[in-house]
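Please follow the description below with the sequence and the coordinates at hand. The account moves from the interior of the protein to its charged pairs.

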Amino acid sequence: GEGLLVKKGSKYHTLKLPNPAGGEPRAMAWVRAELKTLEEFYFGGTHLCHEFPENRKAQLDSILSYAETLDKPVIWAGDLNFEADSEEYRSIPSYWKEAGSEAGNIQNTYGKPEAGARIDYIWYDSRKFELVEYKVIDVPYSDHYPVWAVLRLKKQTQ
């Protein structure tokens, strides 16, 4: 399952993701979070299908379509099970920026640093956010390394 830990959140909900090729059911957890400034944004977390590219593409399309319906800025993240040279990655509209790539840090996030893959990402709407900092945290507790980013909400001009 998916879970989110948020200090000031509301409108928690689950988006069921499609599996046209079958396999394990997938979902995305969403929350509307509040900053100290009382500004709000949506954050989503997921783990996409590891077996079938057609599932990942359908799941990604579902996430992007859903994000377009939200009335606040959006950040989404997770183990997406595709790499930066994949069709799935290339299909994401250009205003969605991936924090690692934008920071110039393409360190592996799965497996061993020298023999793994980069499949864990933080995506943000660059029309609403700007990247301040990004890193991959080297911990021995999992086969995935946590990804961490600081994003700044852009001032919106009327």
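**A buried aspartate and its surroundings**

Leaving aside neighbours within four places in sequence, Asp 125 is in contact with Val 74, Tyr 95 and Trp 96. The model is a predicted one. Asp 125 is found in strand S6. Its relative accessibility is 6%, and because buried means under 20% relative accessible area, Asp 125 counts as buried. A polar atom of the Asp 125 side chain lies 2.9 Å from the backbone nitrogen of Arg 127.

Two of the residues that Asp 125 touches, Val 74 and Trp 96, also appear among the members with the most contacts inside the largest nonpolar core. That core has 20 residues, and the others named for their contacts inside it are Trp 30, Trp 76, Phe 82, Ile 92 and Trp 123. The elements that give two or more residues to this core are strand S1 (9–17), strand S2 (26–34), helix H1 (53–69), strand S4 (74–79) and strand S6 (120–125). The largest share, 4 residues, comes from H1.

Trp 76 shows how such a core residue is surrounded. Not counting residues up to four places away in sequence, Trp 76 touches Met 28, Trp 30, Gly 44, Leu 60, Ile 63, Leu 64, Ile 92, Trp 96, Tyr 121, Ile 122 and Trp 123. A second, separate core has 12 residues, including Ala 33, Ala 77, Phe 129 and Tyr 145.

The loops hold two residues whose backbone deserves inspection. Leu 38 is not a glycine, yet its phi is positive, at about 75 degrees. Leu 38 lies in the loop between S2 and strand S3 (40–47), and with a relative accessible area of 59% Leu 38 is exposed. Asn 81, likewise not a glycine, has a positive phi of about 60 degrees. The loop that holds Asn 81 runs between S4 and helix H2 (87–90). In contrast to the exposed Leu 38, Asn 81 is buried, with a relative accessible area of 17%.

The charged side chains come next. How many salt bridges does the structure hold? The number is 9. One of them joins Arg 56 and Glu 88, whose closest N and O atoms are 3.0 Å apart. Arg 56 lies in helix H1 and Glu 88 in helix H2, so this pair ties together parts that are 32 residues apart in sequence. Are the partners buried or exposed? Arg 56 counts as buried at 9% relative accessibility, and Glu 88 is buried as well, with a relative accessible area of 7%.

Another salt bridge is formed by Arg 118 and Glu 98, with the closest N and O atoms 2.8 Å apart. This pair links distant parts of the chain, 20 residues apart: Arg 118 is in the loop between helix H3 (99–103) and S6, while Glu 98 is in strand S5 (residues 96–98). Arg 118 counts as buried at 6% relative accessibility, and Glu 98 counts as buried at 2%.

Salt bridges that share partners join Arg 32, Glu 40 and Lys 72 into one network. Within that network, the side chains of Arg 32 and Glu 40 meet in a salt bridge of 3.6 Å, N to O. Arg 32 counts as buried at 14% relative accessibility, whereas Glu 40 is partly exposed, with a relative accessible area of 21%.

Notes: Residues are numbered from 1 along each chain as its sequence is written. This is a predicted model: local features need pLDDT of at least 70, side-chain atom pairs count only at pLDDT 80 or more; totals for chains, interfaces and linings use all residues. Side-chain values use heavy atoms; hydrogens and water are left out. A nonpolar core is a set of buried Ala, Val, Leu, Ile, Met, Phe, Trp, Tyr and Cys residues joined through side-chain atoms within 4.5 Å. Buried means under 20% relative accessible area, exposed over 50%, partly exposed in between (1.4 Å probe, protein chains only). Contact means heavy atoms within 4.5 Å. A polar contact is a pair of N or O atoms within 3.5 Å; within protein, one must be able to donate a hydrogen and the other to accept it, and residues adjacent in sequence count only if both atoms are side-chain atoms. A salt bridge is a side-chain nitrogen of Lys or Arg within 4 Å of a carboxyl oxygen of Asp or Glu.
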